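Hello,

Here is the structure I promised to pass on to you. Please have a look at it first, and then read on for what turned up.

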Amino acid sequence: MKPTSILVFFATILFTTNLFCQTTYNSQYIVNMENDLDLGIKYDFTTTNTLQQSFRLNMDDVNANEARISHLFLYTYFWPGSGVVVTLNFYEGDIGNLGPLIHTQDLINETLDVRIGFVSPEGSNTVPGVYPLTQNITLKTNKSYVVEFVLPNNGINDYGIYTTETNLGTCNVGNRDLWFKLFGEVGSATNTTINITKESDLGYQLDTYSNFFADKLLNKYEPENLWIKTPLAGTLTYISSDDSIVKPTLNSQQVGIKDNIELMGLSVGEAIIYVLHQNDTISHFNVKVTDKKIINTSYQYFKYPGESNHSLLSVFGGVSEKISEIYESVNVHIEFTDQGVIEYEWDLNGDGYSWTPTGIETNTTMDQTPNATNFFTNFVLLRQNKNDSYVGGSNGGGTSRGLGKKDAPPRYGLVTIHLFDNESNLGNTLAHEIGHNFGLSHYSRYNSNSIPVPYDNFNLMKTSRTYQLIYGFQWDVIHKTINYRESLGETYDTRANAVFNNFNDQTFVFGEPNTDAQINASTNSDSEITYKLTSSDTNVISINNNGQITVLGEGEAEVTAYVYATNNYLAHSESIIISIGGPTYCSSQGNNPTEEYIYRVQLNTIDNASGTPSGYTDYTAISTDLQQGEQYVITITPRWTGYVYHEAYAAWIDYNNDGDFEDTGELVFMKYPTASNIVNGKFTIPYYAHLGSTRIRVSMKYGWIPNSCESFTYGEVEDYTVNIIPQQHFWFWSRSNENIDISKEDDKTIEGDPSDGIVVYPNPAVDRLIVKFDGARMKDYRITNLKGQTVMSGTLDSSHKIDVSKLSSELYIIEFAVDEKIITQKFIKL
């Protein structure tokens with residue numbers, strides 16, 4: 001059977017006291033499944049009472065040696081029924097060659113807490129489950145194992161175990177999504193901890209308190225930056241499980257310190273960002289993308305007749321700010337309508353209290369709310385006791401009550417208070433109550449099947465709490481509740497549609513001064529505009545978030561502008577096409593070619609006998625490839641119709657493709673006046689020449705050397721196309737200055753300084769470079785393009801290999817720090 005790669009997660013969570021900010025956790029690893037499992041298939045017990053699955057921990061790229069497992073995660077099809085016991089066994093060995101039994105127990109059926117961050121397959125009958133082991137078992141990285149599920153008899157088709165229905169891609173991200181997870185602690189010889197923080201306290205919450213892995217919430221179309229801090233920084237890559245939902249972009253890397261990545265939510269949904277080191281998934285975090293939601297609420301204080309004046313009668317401002325602060329963190333904006341102070345005798349039984357065991361007094365009071373059905377929730381405050389000095393209630397601060405989600409308005413959030421209560425406490429309590437209206441239940445660690453979850457008392461929905469955090473699994477509940485209510489026609493969103501102005505298709509000519517340009521669109525929205533390249537061809541332009549365009553070549557590119565949802569405007573996006581045409585060249589010609597003209601031009605594979613003279617001929621449909629660093633011969637054959645005159649010659653190549661021949665080095669051939677019947681000259685294509693097609697102009701003029709944009713009396717001009725390609729062969733030098741022969745067929749090596757003793761190959765490189773050098777004098781490297789921009793940096797590992805597969809095809813310079821000096825060499829990436 002061919003192996004199936006399946007992710008298995010191990011996590012150790014460490015937290016800091018920096019609220020909303022960070023967690024540290026170690027690696028997640030691969031299990032090679034030796035059975036050929038298909039996607040989305042239920043393996044049931046119809047014909048057998050035993051299901052076995054081989055697996056092996058594959059941790060070759062990290063120095064982990066064992067994992068101590070405490071929990072098993074599965075997706076099952078129903079449960080076999082009461083009284084049916086499923087036995088779970090772990091063996092050493094392989095299917096057909098079982099070794100010692102290392103663990104056995106009854107499979108304890110429990111419900112998976114969504115805080116685990118386990119992504120489920122599609123299908124209404126799948127049941128996420130977490131199964132604690134009765135004792136921790138230690139699995140080694142260098143052994144094969146078999147997990148076995150045994151039922152008392154076969155013929156049970158209402159129970160089975162699922163693979164998932166989603167492919168995640170290639171390499172160690174897995175050819176298939178999860179079939180099972182193991183959770184526990186990893187024993188490792190090295191520290192591969194990763195610390196994820198928001199770039200600033202602005203934006204939406206990073207939940208590291210409720211989850212074994214971080215949860216990040218994005219507002220659709222609003223880019224946010226994260227810091228990834230780890231000793232492996234500078235060598236990591238980031239992959240989204242679904243680029244249509246969230247797309248990661250690497251902004252910067254500081255080797256061994258931190259990476260900065262941008263996350264852009266493109267559609268509502270969930271995705272996983274995988275963190276890879278040398279193609280191994282070493283961690284991940286979960287990303288949820290939502291639209292900003294607007295919720296309308298009312299607020300009123302009910303005072304009894306004759307109630308004394310006090311600060312709580314005008315407490316609305318501070319309370320609303322506290323509620324808003326809590327829910328803005330989960331992308332929900334609450335609009336408040338202050339309905340003022342309402343006088344109502346709520347003490348129906350005359351005992352001086354606003355509370356009765358049946359709740360009739362508070363219920364009757366809430367029924368007095370004006371226009372209650374016009375709002376999602378109505379916040380209601382009243383005194384707990386008519387005695388100003390009274391202190392009572394279970395928490396000394398009053399009794400609160402949330403009526404929970406209802407099928408239709410009116411909904412309420414109620415708090416009965418004492419005079420000494422403050423705005424912050426009231427805001428926290430009412431935020432808890434509207435949480436019930438959003439479908440949230442009280443938070444308890446017992447929901448997590450007794451798996452320890454730090455900071456249980458930080459959650460808004462905990463009845464006794466220290467902070468007012470809303471965890472990642474609750475974000476889903478809130479937004480799904482609002483979406484469901486909107487689907488039934490209950491909506492409170494009156495925001496305007498965002499529009500773009502001055503955002504139209506544009507055309508530029510490659511190489512002209514206006515080629516690198518700025519898009520200057522505007523919007524009525526109070527959000528910033530973010531620009532992204534959304535076409536698949538990345539060789540035409542690049543564009544930054546602010547709309548600055550850098551032209552890379554000819555063609556068409558799609559650019560999309562985004563504005564995210566704010567409190568006043570809905571999210572919006574539009575796309576335009578940026579067209580990059582070829583450069584426009586100046587004219588040049590001979591006005592009287594009847595007595596002398598260019599008869600033939602030869603350059604590499606070009607061999608064109610032009611025949612009839614015309615003064616100027618466009619032969620740009622004729623082309624040849626010229627390699628950077630290579631020398632070529634151009635041959636021009638003139639023809640006279642009568643007397644043989646002295647002719648001068650010149651040829652230019654537009655190396656930077658900017659539409660002229662005026663830059664240094666672009667005059668590649670020149671010949672003073674001569675009556676020779678054939679002329680030729682040599683030139684070398686420089687390394688800085690722009691890769692791709694460009695123009696060569698060949699000119700013959702009577703009497704004196706022509707210039708590139710001249711109209712003259714006697715002679716002729718012809719234009720051709722040359723295609724500049726990367727150099728295919730390099731020489732290099734060893735310390736002994738002797739040419740070195742590399743035995744591998746593709747290992748042509750980069751030229752270097754005779755004294756540096758560094759060998760880098762192959763060249764050109766397709767997906768990797770190999771570095772050889774004398775001694776262990778250098779480790780760090782940096783790769784830059786010809787613009788001087790750093791495109792990669794890192795530290796050589798023991799393999800001395802550098803992955804360059806993600807670099808675009810062009811010439812690069814690689815720098816090495818050697819004995820307090822910098823050694824630079826060039827290489828071509830194909």
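Over residues 446-452 the pLDDT stays under 50, and for this stretch the model has 18 contacts beyond four places in sequence. Residues 729-755 also stay under 50 in pLDDT, with 57 contacts beyond four places in sequence in the model. Please keep in mind that this is a predicted model. For the protein, the mean pLDDT is 78, and 75% of the residues reach 70 or more.

Now to the cysteines. The count of disulfides comes to one. Cys-586 and Cys-709 are the two partners, with an S to S distance of 1.9 Å. The bond ties together distant parts of the chain, as the two cysteines are 123 residues apart. Cys-586 sits in the loop between strand S35 (572-581) and strand S36 (589-592), while Cys-709 sits in the loop between strand S44 (692-702) and strand S45 (711-725). What is the handedness of this disulfide? The torsion about the S-S bond is about -75 degrees, so the disulfide is left-handed. As for accessibility, Cys-586 has a relative accessible area of 26%, which means that this residue is partly exposed. Cys-709 has 37% relative accessibility and therefore counts as partly exposed.

Strand S45 is also where you will find Thr-721. This threonine has 13% relative accessibility, so Thr-721 counts as buried. Which residues surround Thr-721? Leaving aside neighbours within four places in sequence, Thr-721 is in contact with Ile-606, Tyr-619, Thr-620, Ile-622, Ser-623, Thr-624, Ser-693, Thr-694 and Ile-696. Of Thr-721 and Ile-622 one can add that they are 99 residues apart in sequence and 6.1 Å apart in space, C-alpha to C-alpha. With Thr-620 there is a polar contact: a polar atom of the Thr-721 side chain lies 2.6 Å from the backbone oxygen of Thr-620.

Next come the charged pairs. The structure holds 19 salt bridges, and here are some of them. Lys-216 and Glu-224 meet through their side chains at 3.2 Å, N to O. Both Lys-216 and Glu-224 are buried.

Another salt bridge brings together the side chains of Glu-328 and Lys-292, at 2.8 Å from N to O. These two residues come from distant parts of the chain, 36 residues apart: Glu-328 belongs to helix H1 (residues 316-328), and Lys-292 lies in the loop between strand S22 (280-290) and strand S23 (293-303). Glu-328 has 24% relative accessibility, so this residue counts as partly exposed. Lys-292, at 5% relative accessibility, therefore counts as buried.

A further salt bridge joins Glu-815 and Arg-782, whose closest N and O atoms are 3.0 Å apart. This pair, too, links distant parts of the chain: Glu-815 is in strand S51 (residues 810-818) and Arg-782 in strand S48 (residues 780-784), with their positions 33 residues apart in sequence. Glu-815 is buried, because its relative accessible area is 17%. Arg-782 reaches 31% relative accessibility and so counts as partly exposed. There is also a network to look at: Glu-307, Arg-383 and Asp-388 are joined into one by salt bridges that share partners.

Strand S48 has another residue for you to look at, Thr-784. Is Thr-784 buried or exposed? At 5% relative accessibility, Thr-784 counts as buried. Beyond residues up to four places away in sequence, Thr-784 touches Gln-789, Thr-790, Val-791, Tyr-812 and Ile-813.

Finally, a word on helix H1. How far apart are the end C-alpha atoms of H1? They are 18 Å apart, and this agrees with the expected span, because 13 residues at 1.5 Å a residue should span 18 Å. The buried residues in H1 are Phe-316, Gly-318, Val-319, Ser-320, Lys-322, Ile-323, Ser-324, Ile-326 and Tyr-327. What covers these buried residues? The cover includes the strands S23, S24 (332-343) and S25 (377-383), together with helix H3 (423-437) and helix H4 (472-487).

Best wishes

Key:
Residues numbered from 1 in each chain as written. Predicted model: local features only at pLDDT ≥ 70, side-chain atom pairs only at ≥ 80, totals over all residues. Heavy atoms only, no water. Disulfide = S-S within 2.5 Å. Helix = DSSP H or I, 4+ residues; strand = E, 2+ residues; numbered from the N terminus. Buried < 20%, exposed > 50% of the residue type's maximum accessible area, 1.4 Å probe, protein only. Salt bridge = Lys/Arg side-chain N within 4 Å of Asp/Glu carboxyl O. Contact = heavy atoms within 4.5 Å. Expected span 1.5 Å × (residues − 1). Polar contact = N/O pair within 3.5 Å; in protein donor to acceptor, adjacent residues only side chain to side chain. pLDDT = per-residue confidence, 0-100.
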